[in-house]
Amino acid sequence: MNSMIGFAMKSGKVSSGTLAAKTSIIRHRAHLLVLSGDMSEKSKEVLIACCEKQKIPWLVIGNKYELGNSVGKAYRVALTINDSKMAKSIIELVNSEGEKHTGVVEWPKSEFTR
């Protein structure tokens, strides 16, 4: 699934970041919204409400580091796929395989940090 998002990014069919994703949804460019599981609840509610209003499917997958890695960035909490065929392929892939982890490890904070 990450490679499909990477292909969409290379072809210029991805809007990454919360503001870019919301703009893409409002301007009717988005065909799929992909959110990270560790996104803030308020931002998630706003983007999902926009998607439901526009009848755009959405997925919650992985964490912000996995999602960012799939588009070649440090981290991203939201992105949209702006191509209908790519969006359909990603939805089918997620439905057939389920959630898949890429092995990106987030280091836990030490209890000794001040």
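Is C51 buried or exposed? At 0% relative accessibility, C51 counts as buried. The legends below cover close-up views of a predicted model.

**View 1. Strand 4 and its side chains.** Strand 4 spans residues 78-81. A78 and T80 point one way from the strand. L79 and I81 point the other way. Each of these four residues is buried, A78, L79, T80 and I81 alike. In a regular strand, side chains alternate between the two faces of the sheet.

**View 2. Strand 1 against strand 4.** Strand 1 covers residues 14-16. Its pairing with strand 4 is antiparallel and runs over three bridges. V14 stands opposite I81 of strand 4. I81 is buried and points the same way from strand 4 as L79.

**View 3. Strand 2 against strand 4.** Strand 2 covers residues 32-35. Strand 2 and strand 4 also pair in the antiparallel sense, here over four bridges. L33 has T80 as its bridge partner in strand 4. T80 is buried and shares its direction with A78.

**View 4. C50 and C51, two cysteines without a bond.** A disulfide is a covalent bond between the sulfur atoms of two cysteines. The whole structure holds zero disulfides. Why does C50 not bond to C51? The closest cysteine sulfur to that of C50 is in C51, 7.1 Å away, so it is too far for a bond. The cut-off for a disulfide is 2.5 Å. Seen from C51, the closest cysteine sulfur is that of C50, again at 7.1 Å and too far for a bond. C50 counts as buried because its relative accessibility is 18%, and the cut-off for buried is under 20%.

Technical notes
Residues numbered from 1 in each chain as written. Predicted model: local features only at pLDDT ≥ 70, side-chain atom pairs only at ≥ 80, totals over all residues. Heavy atoms only, no water. Buried < 20%, exposed > 50% of the residue type's maximum accessible area, 1.4 Å probe, protein only. Helix = DSSP H or I, 4+ residues; strand = E, 2+ residues; numbered from the N terminus. Pairing = 2+ DSSP bridges.
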